[in-house]
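Please read this short report with the sequence and the 3D view side by side. It deals with helix packing and with cysteines.

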Amino acid sequence: MTEVLLLLKGQFGPLVVQFLVAGVGTLSFAILFACPKRTLPYCGLVGAVGWLVYEVAVLFGLEAFAASLLAVIPLTLLARIFAIVLKAPVTVFLLSGIFPLVPGAGIYYTAYYFIQGNNALSLANGISTFKIAVALAVGIALVLGIPLPKKHHG
């Protein structure tokens with residue numbers, strides 16, 4: 001436990017900055033997607049939490065695809081909770097909240113190396129990016145596959 005605290009102690013400031021920047025970035029996408037105004041702060045929080053979990057997982061040595069899988073689970077849970085509490089579609093929170101985890105740089109470099117004719121680097125980036133995309137899809141499917149409790153009338 002003390003090793004965990006020591007690892008995080010030196011990273012606390014940068015993690016707070018990452019959390020805030022991810023929240024602002026997610027909020028920007030939520031505004032771009034015309035999410036309802038009342039949901040905007042929650043959209044930002046979903047993305048910030050997902051990114052924070054991702055960053056902590058990477059700090060502990062997980063590869064990008066494993067960190068993405070680990071991060072998308074609480075992100076999707078939070079999106080689902082906010083959807084229920086705020087009576088809004090889960091996609092409002094999920095689509096904007098997942099943006100910090102989408103491997104945009106991997107997609108870019110896959111195409112870049114392909115165009116440059118460097119097939120080995122293109123393939124390596126493509127496989128890595130594909131693994132992250134699959135991890136995100138699997139994590140979302142796992143959480144959204146959990147049945148909601150039945151409402152009790154009476």
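## How two helices pack

At what angle do helix H3 and helix H4 pack, and how far apart are their axes? In this predicted model, helix H3, which covers residues 40-59, packs against helix H4, which covers residues 64-86, at an angle of about 155°, and their axes lie 8 Å apart. Because an angle over 145 degrees counts as roughly antiparallel, H3 and H4 are described as roughly antiparallel to each other. Their crossing is right-handed.

On the side of H3, the contact is made by Tyr-42, Leu-45, Val-46, Val-49, Gly-50, Val-53, Tyr-54, Ala-57 and Val-58, while the residues that H4 contributes include Ala-64, Leu-70, Pro-74, Leu-78, Phe-82 and Leu-86. When the residues of this contact are sorted by kind, 18 are nonpolar, 2 are polar and none is charged.

## The cysteines

How many disulfides does the structure hold? The structure holds 0 disulfides, and Cys-35 is accordingly in no disulfide, the nearest cysteine sulfur to its own being that of Cys-43, 4.4 Å away. Why is there no bond between the sulfur of Cys-43 and the closest cysteine sulfur, in Cys-35? A disulfide requires the two sulfur atoms to be within 2.5 Å, so the distance of 4.4 Å between Cys-43 and Cys-35 is too far for a bond.

Are these cysteines buried or exposed? Cys-35 counts as buried because its relative accessibility is 14%, and Cys-43 is also buried, with a relative accessible area of 0%; the cut-off behind both statements is that buried means under 20%.

Note on methods: Residues are numbered from 1 along each chain as its sequence is written. This is a predicted model: local features need pLDDT of at least 70, side-chain atom pairs count only at pLDDT 80 or more; totals for chains, interfaces and linings use all residues. Side-chain values use heavy atoms; hydrogens and water are left out. Axes are lines fitted to C-alpha atoms, for helices over the stretch in contact, and angles run from 0 to 180 degrees between N-to-C directions. Helices (H or I, at least four residues) and strands (E, at least two) are DSSP runs, numbered from the N terminus. Angles under 35 degrees count as roughly parallel, over 145 as roughly antiparallel, 65 to 115 as roughly perpendicular and the rest as oblique. A crossing is left-handed if the near helix is turned anticlockwise from the far one by less than a right angle, and right-handed if clockwise. Contact means heavy atoms within 4.5 Å. Ala, Val, Leu, Ile, Met, Phe, Trp, Tyr, Cys and Pro count as nonpolar, Asp, Glu, Lys and Arg as charged, and the others, Gly among them, as polar. Buried means under 20% relative accessible area, exposed over 50%, partly exposed in between (1.4 Å probe, protein chains only).
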